[in-house]
Amino acid sequence: MRDLLSELPGVRASEPIGDGAVVLRGYASARAGELLRAVDRIREVAPFRHLTTPGGHVMSVAMTNCGSLGWVSDRRGYRYQRTDPLTGESWPSMPAVLRSTATEAAEAAGYAGFVSDACLINHYEPGARLSLHQDRNERDMSAPIVSVSLGLPAVFLFGGLRRNDRPKRIRLDHGDIVVWGGATRLAFHGVEPLDEGDHPLTGRCRINLTFRKAG
Ligand code: MD3
Ligand code: FE
């Protein structure tokens, strides 16, 4: 079958990777510098930090947020909140380049009208990983999650609806966007420990933006 999505401007190729999920290879490449400059402005106000899980583990991935809601974890649980617990201030607003990237990618994948109110920004250094989990703190599970990968490549683990379903391994490179909706929205997923490397735009790290409709 002809690959209609890969005919979109900026998309090198697209692969359906599950019922409702699509990888748009290279979709963010042309604006990666602009996205990373926006992240630099956000981290000056809301720095990356290693959150503690309810079980008492310190996460190897460092996180921050922008948008009207931000995802946080501590001994009391996981939740979205309007303020940054480090400063007590509102999260930085979502820069236009982030907002429009998320809306355009969602539309390209068949989810028109996606309006994100929360962007979780993950910072991986070599060795950092994300263990298998579901994203289920968002109120409206009919909205997709859009993820943008920047910097060093990662191996993404894409499982099923049960924790014990064997995950597929999917390489995510700089500039790739994945839109997760439909049945995959509640799939278990994670990221393998990041390999050592040096990327021309980010240096020794990977940055992942996940856009959500949380409220
Ligand atoms: C599939 N982040 O922040 S992005 C997360 O690369 C998270 O930093 C990973 O998992 C990262 O929660 C993966 C891809 C992703 C994000 C959310 C999903 C895949 C998803 C929600 C449901 C199903
Ligand atoms: Fe997740």
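Where does ligand 1 sit? I looked this up first and found ligand 1 in the largest pocket. A pocket is an open set of points on a 1 Å grid over the protein atoms alone, with protein on both sides within 12 Å along at least five of seven lines; a molecule sits in it if more than half of its atoms lie within 2 Å of its grid points.

I note that this is a predicted model, in which local features need pLDDT of at least 70, side-chain atom pairs count only at pLDDT 80 or more, and totals for chains, interfaces and linings use all residues. Residues are numbered from 1 along each chain as its sequence is written, chains are lettered from A and ligands numbered from 1 in the order written, and side-chain values use heavy atoms, without hydrogens and water.

I next examined the shell. Ligand 1 is surrounded by 18 residues (a heavy atom within 4 Å), and N122, Y124, H189, R206 and R212 are the closest. I recorded 7 nonpolar, 7 polar and 4 charged residues, with Gly counted as polar. Strand β13 gives the largest share, 4 residues; strands are DSSP runs of E, at least two residues long.

I then checked polar contacts (N or O pairs within 3.5 Å). An oxygen atom of ligand 1 lies 2.9 Å from a side-chain N or O atom of N122, and for R206 the distance is 2.8 Å.

Finally, I turned to strands β4 (residues 70–74) and β5 (residues 77–81), which pair in the antiparallel sense over 5 bridges; pairing requires at least two bridges found by DSSP. They form a hairpin with 2 residues between them, and W71 has Y80 as its bridge partner.

Key:
A polar contact is a pair of N or O atoms within 3.5 Å; within protein, one must be able to donate a hydrogen and the other to accept it, and residues adjacent in sequence count only if both atoms are side-chain atoms. On a 1 Å grid over the protein atoms alone, a cavity is a set of points where a 1.4 Å probe fits but cannot get out, and a pocket is an open set with protein on both sides within 12 Å along at least five of seven lines; lining residues have an atom within 4 Å of a point.
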